[in-house]
Every structure is written in C-alpha cells, then in structure tokens.
Amino acid sequence: MPNSATPTHCPYCALQCGMNLTPAPDGTVEVSERADFPVNRGALCGKGRTAPAVLSSRVRLTSPLVRSGGTLVPATWDEALDRIAGELSRTRTEHGPDACGVFGGGGLTNEKAYTLGKFARVVLGTSQIDYNGRFCMSSAAAGGMKAFGLDRGLPFPLEDIPKSGCVILVGSNPAETMPPSLRFFTELRENGGTLIVVDPRRTRTAEQADLHLMPRPGTDLALALGLLHLVVAEGRTDEAYIAERTAGWEDARAAAMAHWPEYVERITGVPVPQLRETVRLFCEPESAMVLTARGPEQQSKGTDTVSAWINLCLATGRAGRPFSGYGCLTGQGNGQGGREHGQKADQLPGYRKLDDPAARAHVAEVWGVDPDSLPGPGRSAYELLDALGTDIKSLLLMGSNPVVSAPHAAHVEERIRSLDFLAVCDVVLSETAALADVVLPVTQWAEETGTTTNLEGRVLLRRQAITPPDGIRGDLEVMHELADRLGVEKGFPTDPEEVFEELRRASAGGPADYSGITYRRLAEENGVFWPCPMPEKDVPAGAEDVHPGTARLFLDRFATPDGRARFVPVSHRAIAEEPDEEYPVLLTTGRVVAQYQSGAQTRRVDELNAAAPGPFVELHPRLAERLGAAEGDPVAVVSRRGRAVAPARITLGIRPDTVFMPFHWYGEGRANTLTNPALDPTSRMPEFKACAVRVETVER
Ligand SMILES: Nc1nc2c(c(=O)[nH]1)N[C@H]1C(S)=C(S)[C@@H](COP(=O)(O)OP(=O)(O)OC[C@H]3O[C@@H](n4cnc5c(=O)[nH]c(N)nc54)[C@H](O)[C@@H]3O)O[C@H]1N2
Ligand SMILES: Nc1nc2c(c(=O)[nH]1)N[C@H]1C(S)=C(S)[C@@H](COP(=O)(O)OP(=O)(O)OC[C@H]3O[C@@H](n4cnc5c(=O)[nH]c(N)nc54)[C@H](O)[C@@H]3O)O[C@H]1N2
Ligand code: SF4
Ligand SMILES: [Mo]
C-alpha cells in the first residue's frame, strides 16, 4: 500500500464525505481534508474525523470466535467457516431453505449488498432476507415509487438547495445527523430563501430556521393535509402543471379538503397562523422543496405521510422542475445503494421486483441459474426478526446490530437468543455479535475497496487506503468461502471490481441502472449519478461508456408509464398507540451528533464518548416539575413493552406532552426497549417516532 494520501470516503452516514487517508509510521491512519469533493468540501463531523480509531486492534475483533461451552473462544477461519456452512446446511436439510434467514445492512457497499442478496437466493435458496434499511427510508421509498415511479432519495444534488426559494425540512436534524450539509441550508438563507423546520423539538437545525413548526409526534400526515387544504382554499394551486404533468388530483384534493385548518391545529398543535405562513413562504417563490427524514417516515403511516407531502409539491407545481421537488434525506453510508441491489425481501438487483417474471429472467441469466429456482419475496425486517426461533432457525447477519436498533428490542433479543444458530460478520463485538455462535472479524472501509451510493444517488468509489491486519477477511471473501462450502464454487468473486462488473450487467435496464458506470470512471470523476445506462444493450465487461449519469431526475417526465406523477389520496389517522391515562406521554426517539446508530462503532471512540457518554431523557420543565425530577435525576420511561432508565435532561426545546430519547445505547437506557413495532401497511416501517409512555422518578 502507498504511503501517500488516498482519497476516499467516510464509513458512516449517507453524506459520504470525502476525506484523505494517510498511513502513519506508527500503524495508525491520519485523516486530512479532501477539498475537491463537492458534498462536504473538506468539512467533516467528529465521527468522520475520528473514524480511524475503530481500525485499532484495541477495539476491533482480531480473530474468528466460536461458541464453545457457552462462551465465545478464538478459532481458526476454517473452523469458523466450516461451522457456519455445516449449521446452515443442516437447517436447510431439516427445515427447508426458508428456515435460513439473512439480515443485511445499509452500511454495506454495493458489492457486498449485491452479493448478500445473491448468496441468499442462489446458495441458500431462501426467501428470508431483509435488512436494516427497512427501519430507515422504506416509507419514503414507497411514497416515491407510488408518486414518481422511482425511488431515489434526492432527485437532485445537494448543491441545488441554496438555489431554491424555500425548503421545508420535515423531521430532519442535519445539524446533528449530517453536519457538513448544514452549509447548504445556510446558503439558502443567505440567498434570500427561507428554511422551515417541522420537528417536535427545537433542535440545532430548528434554531437556524425562519419558521419552526412543533407538531405533536406522529401527526405530520394531518399537517401536510392541512397545508394542502389551505393551498386550495387560497387559490395557490398550479392548475396548468396539474393538468400537464400529474394524474389523480381530484381524489387527492377531495381528501385534503376534509382537513380544515382548525381541525389540523387540534390534531397537530400547530396554530393556524403558522400553517398559513408556511403556505405563503412555500408558494410565493418560484421554486420550493420538501425534504423529509426519519421524523415523518418512521411512523406506522409513514408511506401515507410521504404521499401527503408529495401531494403538496405536486399541487403547487414543485416537482420535476429546477430547484423544486420532494426528496428524502437517506441515512446510512450506502442507504441508497443498499436498497437497490437485492438485499431487500422483494427485490432483485437494479431495483427490480422479485415478482416480475422479466426481472427474474434477466437476473437469473446473469447469475447462470434457472429463473424458477429463485425464491419469491420474503418477510420484512421486523417480521423476519419476530420469526427467529420459530420459522427461521438459523441466521446470517452482516452489517446490523438489531439488539440495540430494532423496535421492541427486548423481544427481538429474546427471539435472537432462541435461534438454533446465529452467525455474525462484524468489525467489532457488537451486542448482537456477543449472542452469536460464530463471529467473523471483517475488514473495514479504509482496508478495502468498494462503491457506495450517497443520499444524492451519486455512486462513489471508496478506495482502500491501508492493508488490513493479519487474520481479518472481507465480507466478500466470507461469502465466497461459504458458497464454496455449500456447493456453489462459481459466482462469488472476492475482487470488488469483478463483483461490480457483474452488478452492472444485473442492473442494466432496471430502474437503478449502473451499467454505464465503471471503477475507472469513478476513480476519475467525483461520483456518477444513476441511472447511468450503456448506450448498447449488451454490456461488455470493463467497457467504458459516455452516458454522463443523471444528476437531476424528472425534469422532462416522471418514471411512470405515462410520464405523469401520481397524486395518492390520503387521510389523517391516529398513531398506533395513542396516550391514555396509564401512558399519558408520547415518546419519540432519534440521534445525537457524536454517536452513530446502535453505537457499535462510535461507542468505541474515546473522543465521541466524552462528547456523548450515555442515554438521556429529554423533557420539558413542566413535565419535570410535575414529576419532581431535577436535571440529571434518573427517570424511568415505561411503555407497554418495557422500562428504560436514563438521566433527565430538562429543556424548553421540546413539547410538554413529549419526551425524547436517543437510541444509541444498550442496557437499562436502551430506547428500543420501549418502541412500538406497529408496522406501516405498505413499507413495513415500525413506529419508532411515537409511542405512549409514562415517566416516573427513580429512587437511587
Ligand atoms: N450523528 C448521527 N448521524 C447520523 C446517524 C446517527 O446515528 N448519528 N444515522 C444516520 C442515519 S442511518 C439516518 S437514517 C439519519 C437520520 O437523520 P434524521 O432523520 O435527521 O435523524 P433523527 O434524529 O432520527 O430524526 C430527526 C428529527 O425527527 C424529529 N421527530 C421525532 N418525531 C417526529 C415526528 O413525529 N414528526 C416530525 N416531523 N419530526 C419528528 C426528532 O425530534 C429529530 O430531531 O442520520 C444519519 N446520520
Ligand atoms: N428507536 C429508534 N431506533 C432506530 C432508529 C430510530 O430513529 N429510533 N433508526 C433506525 C435506522 S434509520 C437505522 S438505519 C437502524 C440502524 O441500526 P443498525 O442496523 O444496528 O446499524 P449500525 O449500528 O450501523 O450497525 C451496523 C453494524 O455493522 C457493523 N459494520 C460496519 N461496517 C460493516 C461492514 O462493512 N461489514 C460488516 N459485516 N459489518 C459492518 C458495525 O460495526 C455495526 O455493528 O436503526 C434503526 N433504529
Ligand atoms: S457527516 Fe456523515 S459522512 Fe460526513 S463525516 Fe460525518 S458521519 Fe461521515
Ligand atoms: Mo437510517
């Protein structure tokens, strides 16, 4: 490996900030500024800056582990791989292929996600594969598909944000979750545009806003409908656009008209004058955007909620036009690419549908298998986890830590413990890995090459910058070795570029078409936006292509058969679990800037732990006073599913009827002990953002 700086990308969130990595003489790695990457222009948050700490053997796994006599003990790779192959094979023989489950992650590179989906269907023959992205952006994906016929989180690059006239950020806190992106919102305001933030908490992002709406958690659907009602009532619809570029307006309009502003104020708690002001700020400029993130999406009506915000954009002519549109801010490092290439329960590579005969035939040909041998769609993430130990006997897990991050986590933990066999590939001994029968230590971002697709739909090359330590292997090698042991000798290469070449062919002609993208292009350009097809039908391996990629979608037509966007008629409905006398308070959950997700990686970094040492319960002074709780006092939050205890953090920046907990920790402060696994009927997204709880003081 070279001793000079390697330009690459951060291992964490979907911004995929560019950075340079240089190996230092003492074996560590230095991060330096990479100013040429347009998304972050050199800026990094604390997580990105400290990411090399997780490469240290002090915190990472250094050897395969195999459970023996109840404890995990070091083993050779052959012992560990033989054990996994043997157990998966036994499960398949005794209970059938669907008794083998596979769970992936949106942090895996495109090459890994693609190979994991192929491994499940071709090697194990199981339909039971899904991934943590289901908990992330699935509602936005479902809403985008319904309206536009395509799901790419942002239909435009981030650099378009400052050129818009108004941006409504719904349930998104980029000041903590994507700090370098805050610049785009600051520039928006410097250019005279307005920023409206919709969040039940006065976050660091909301503090930057021109207008902050503070709805009751779980009421974004009603809020969007109320805004659309006002748009119609005030004659602010764009009738020419509606006639020319959309379908289904009458029904959506009728549904919205039932949501009077006063009724919406009662449901959401947002005063009517603020609704009117929002409509004015959104409709007056020439262009405007709505961007959603997990706040409105992680609800049991997340898909309808996204549809309602899209309807608002369509009725006002704000989609498929310059500096206008609806977008979702995807979360994980490869949250976009990870949802395109087949680790989803119902999906084949290129965002193809598993139940589409033409898609099956195309992918089966690339894979060299009979289309009839491909299983059908399987269960969604929570349903899969819920079936562990009953229908699903053995699980292979790669890139997730569900014991911390899944809803109703105590139940999920109990299901995981009831498995016959669990194998986990991870870089650290996560709380889920600690329950495994076999743990495989895998290489990390800086030690391997692969592609990710950032929140803009920009495909990037994450280059290897250092040599991995001895005794560590890559996820691709793990799948190659397991396939080999399970009787599939070909089709599981360990070279990422070789996998990408196959992915190009598998995705060719699909909605997420990568066939015109090559590693060489990615090395020369600052990423390529999909779709990027080949001009010809056949894709010769390694061939170059001239398609520039598609930075901006829908400017001429939407991806529906007739090119028109679809309105979806939706109506308000309550959250799955409304507060009552016994559980009178709403709990919502989310993130803090210094910890990432389940914390498996960031809780192993001293600097980040110093900044965010543990869980807390954010509550309003009025609620604290009623409880008799002072700042820092331990308080218990109790839901129908369990009890969590963490110190009180008292703030005026939250609604008095709501408490907030970050979900990055395990143990007594685990927020997901409390959360409700009620699922959205379309996206199967759990209701992470609203459940009924009671709050109590704790004697210590
Ligand atoms: N530091 C850090 N950054 C991250 C991550 C991380 O774990 N840590 N994870 C990455 C990933 S995978 C993701 S998905 C993104 C998530 O990024 P965000 O969506 O920005 O993160 P969250 O904190 O989950 O939720 C955003 C906001 O939604 C608000 N909210 C809660 N309930 C509601 C509601 O009912 N309605 C509305 N409108 N708002 C509500 C919360 O108060 C919160 O401020 O972040 C990415 N970046
Ligand atoms: N209450 C509540 N719960 C939530 C959310 C919320 O807002 N509230 N948000 C949800 C969302 S949006 C998400 S995305 C999920 C995320 O939650 P998780 O799925 O648990 O995500 P991570 O903590 O990122 O877990 C990734 C694991 O994979 C490992 N890993 C990293 N890179 C690799 C790799 O290349 N190969 C392998 N094999 N392993 C790797 C990491 O060390 C870590 O253990 O949490 C969800 N849970
Ligand atoms: S914002 Fe996201 S991609 Fe950028 S440095 Fe931080 S964690 Fe990494
Ligand atoms: Mo996420």
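Q: Which N or O atom pairing links the side chain of D426 to ligand 2, and how many Å separate the two atoms?

A: A polar contact is read as a pair of N or O atoms within 3.5 Å of each other. In this predicted model, an N or O atom in the side chain of D426 is 2.5 Å from an oxygen atom of ligand 2. Two further side chains can be read in this way: a polar side-chain atom of K689 lies 3.0 Å from an oxygen atom of ligand 2, and a polar side-chain atom of Q298 lies 3.1 Å from an oxygen atom of that ligand. Taken alone, ligand 2 exposes 920 Å², of which the protein buries 95%.

Q: Which residues around ligand 2 are the closest, and how many residues surround it?

A: A residue belongs to such a shell if one of its heavy atoms lies within 4 Å of the molecule. For ligand 2 the shell holds 32 residues, and the closest are N132, S400, S405, D426 and S598. Sorted by class, the shell around ligand 2 contains twelve nonpolar, 14 polar and six charged residues. At least three residues of that shell come from domain 2 (65-134 + 337-529), and at least three from domain 4 (585-697).

Q: Which cavity does ligand 2 sit in, and which one holds ligand 1?

A: A molecule sits in a cavity if more than half of its atoms lie within 2 Å of the cavity's grid points. Ligand 2 sits in the largest cavity, whereas ligand 1 sits in the second largest cavity. Elements that give two or more residues to the shell around ligand 1 are α5 (174-177), α12 (294-297) and β23 (585-590).

Q: Where does ligand 1 lie with respect to domain 3 and domain 4?

A: The position of a ligand can be read from the domains that supply its shell. Ligand 1 lies between domain 3 (138-329) and domain 4 (585-697), because both of them give residues to the shell around it. That shell counts 33 residues, with D199, D220, R591, Q595 and Q597 as the closest, and by class it divides into ten nonpolar, 15 polar and eight charged residues.

Q: Which backbone atoms lie within reach of nitrogen or oxygen atoms of ligand 1?

A: Backbone atoms can be read for polar contacts as side-chain atoms can. A polar backbone atom of Q595 is 2.6 Å from a nitrogen atom of ligand 1, and a polar backbone atom of R294 is 3.0 Å from an oxygen atom of the ligand. A backbone N or O atom of G171 lies 3.4 Å from a nitrogen atom of ligand 1. Of the 910 Å² of accessible area that ligand 1 has on its own, the protein covers 99%.

Q: Which residues are around ligand 3, and how do they divide by class?

A: The residues around ligand 3 include C10, C13, C17 and C45, together with Y12, L15, Q16, L44, K47, G48, P179 and P180. By class, nine of the shell residues are nonpolar, two are polar and one is charged.

Q: Where is the cis peptide bond, and which residue other than glycine has a positive phi?

A: Both features are read from backbone torsion angles. The cis peptide bond joins W530 and P531, with omega about -5°, and P531 is found in the loop between β21 (528-529) and β22 (565-566). H408, which is not a glycine, has a positive phi near 50°, and H408 is placed in the loop between α16 (402-405) and α17 (409-417).

Notes
Residues are numbered from 1 along each chain as its sequence is written. Chains are lettered from A and ligands numbered from 1 in the order in which they are written. This is a predicted model: local features need pLDDT of at least 70, side-chain atom pairs count only at pLDDT 80 or more; totals for chains, interfaces and linings use all residues. Side-chain values use heavy atoms; hydrogens and water are left out. A polar contact is a pair of N or O atoms within 3.5 Å; within protein, one must be able to donate a hydrogen and the other to accept it, and residues adjacent in sequence count only if both atoms are side-chain atoms. Accessible areas come from the Shrake-Rupley method with a 1.4 Å probe; for residues, only the protein chains shown count as cover. On a 1 Å grid over the protein atoms alone, a cavity is a set of points where a 1.4 Å probe fits but cannot get out, and a pocket is an open set with protein on both sides within 12 Å along at least five of seven lines; lining residues have an atom within 4 Å of a point. Ala, Val, Leu, Ile, Met, Phe, Trp, Tyr, Cys and Pro count as nonpolar, Asp, Glu, Lys and Arg as charged, and the others, Gly among them, as polar. Domain bounds come from an automatic or database domain assignment. Helices (H or I, at least four residues) and strands (E, at least two) are DSSP runs, numbered from the N terminus.
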